[in-house]
Amino acid sequence: MAKLYFHFSTMNAGKSTVLLQASHNYHERGMQTYLLTARFDNRAGQGRIASRIGIGADADTFDASDDLFEKIQNRVAQGEIACVFLDEAQFLTEKQVWQLARAVDDLGVPVMCYGLRVDFRGKLFPGSAALLALADEMREVRTICHCGKKATMVVRQNADGQALREGAQVQIGGNETYLSLCRRHWREAVGDTA
Ligand SMILES: [Zn+2]
């Protein structure tokens, strides 16, 4: 039975590494996979999934305007695939998560989504909220805070290392950096609002 999976994590947990390893395992057995990642400019087509430990693979890309059921259906028509791997799943729309669910149910293709659970304000990303609601199986890709506890939160820091409270959920090409922390240390960095 094909399933819709959601592998969630905070920043810098190595989710792209886990994705690339899982895809590689299929290739080793002579099976094909279909890789997708988010695109942030208007050029459709080739993207790349890269991990911080130096491995990477070419991938097709999606943005909010794409019908992902159609994309997967078109890919399947070109040749059998064992699994779809989708990175940056936090950027999916709710509608696209339903399209992925339809691909799983109606085309019988497993879809593995990898993405961040919450943004730097501690709010769910829309794609992650929909996946938490609709996925058949969920797994956490874990990393740790500087204190050794599991990191579940992320802070966005400016160039001076100050934690930011406000700003766009998606920030491309700024000087900000991200740090993954446990909730207690996130509260210390960001400050309590309640
Ligand atoms: Zn901590």
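This note describes, in numbered points, the sheets, one helix and the annotated sites of a predicted model.

1. The seven-stranded sheet. The model contains an open sheet of seven strands, in the order E3-E4-E2-E5-E6-E1-E7, and its pairing is mixed. Its edges are formed by strand E3 (47-50) and strand E7 (137-140), each of which pairs on one side only. From one strand to the next, the twist averages 30 degrees.

2. Strands E1 and E7. Within this sheet, strand E1 (residues 4-9) pairs with E7 in the parallel sense, over four bridges. A reader who wishes to locate this pairing may look for Phe6, which stands opposite Met138 in E7.

3. Strand E8 and its partners. Strand E8 covers residues 153-157 and is mostly covered, since four of its five residues are buried. E8 has an antiparallel pairing with strand E10 (residues 177-181) over five bridges. In that pairing, Gln157 has Thr177 of E10 as its bridge partner. E8 is also joined to strand E9 (residues 163-164) by two bridges, and these two strands run antiparallel. Here Arg156 stands opposite Leu164 in E9.

4. The hairpin. E8 and E9 together form a hairpin, with five residues between them. The turn includes Gly161, which has a positive phi of about 85 degrees. As background to both sheet descriptions, the side chains of a regular strand alternate between the two faces of the sheet.

5. Helix H3. Does the length of this helix agree or disagree with what its 14 residues should span? At 1.5 Å a residue, H3 should span 20 Å, and its end C-alpha atoms are 19 Å apart, so the two values agree. The buried residues in H3 are Gln96, Val97, Gln99, Leu100, Ala101, Ala103 and Val104. The elements against which the buried residues of H3 pack are E1, helix H2 (68-78), strand E6 (111-116) and helix H4 (126-134). After H3 comes Gly108, with a positive phi near 70 degrees.

6. The annotated active site. The unreviewed UniProt entry lists Glu88 under "active site". Glu88 is located in the loop between strand E5 (83-86) and helix H3 (94-107). Is Glu88 buried or exposed? Glu88 counts as buried because it has 24 C-beta neighbours inside 10 Å, and the threshold for burial is 20 or more. When neighbours within four places in sequence are left aside, Glu88 is in contact with Thr37, Ala38 and Gly115.

7. The longer binding-site annotation. In the unreviewed UniProt entry, a "binding site" annotation covers several positions, among them Asn12, Gly14, Lys15 and Glu88. Glu88 is therefore named by UniProt under "active site" as well as under "binding site", both annotations that may be inferred rather than shown by experiment.

8. Asn12 and Gly14. Asn12 is found in the loop between E1 and helix H1 (15-28), and Gly14 also lies in the loop between E1 and H1. Asn12 counts as partly exposed because it has 13 C-beta neighbours inside 10 Å. Gly14 has 16 such neighbours inside 10 Å and so counts as partly exposed. Leaving aside neighbours within four places in sequence, Asn12 is in contact with Thr143, Tyr178 and Ser180. On that basis, the contacts of Gly14 are Ser51, Val141 and Thr143. Thr143 therefore appears in the contact list of Asn12 and in that of Gly14, where contact requires C-beta atoms within 7 Å.

9. The second binding-site annotation. UniProt, again in an unreviewed entry, places a "binding site" feature at Val170, Gln171, Ile172, Gly173 and Tyr178. Val170 lies in the loop between E9 and E10, whereas Tyr178 lies in strand E10. Which exposure class applies to Val170? With 11 C-beta neighbours inside 10 Å, Val170 counts as exposed, because the limit for that class is 12 or fewer. Tyr178 has 14 C-beta neighbours inside 10 Å and therefore counts as partly exposed.

10. Contacts of Tyr178. Not counting residues up to four places away in sequence, Tyr178 touches Met11, Asn12, Val154, Val155 and Arg156. Of these, Met11 and Asn12 are included in the longer "binding site" annotation. Arg156, another residue touched by Tyr178, is the one that stands opposite Leu164 in E9.

Definitions and conventions
Residues are numbered from 1 along each chain as its sequence is written. This is a predicted model: local features need pLDDT of at least 70, side-chain atom pairs count only at pLDDT 80 or more; totals for chains, interfaces and linings use all residues. Two strands pair if DSSP finds at least two bridges between them. Axes are lines fitted to C-alpha atoms, for helices over the stretch in contact, and angles run from 0 to 180 degrees between N-to-C directions. Two residues are in contact if their C-beta atoms, placed from the backbone, lie within 7 Å. The expected span of a helix is 1.5 Å times one less than its number of residues.
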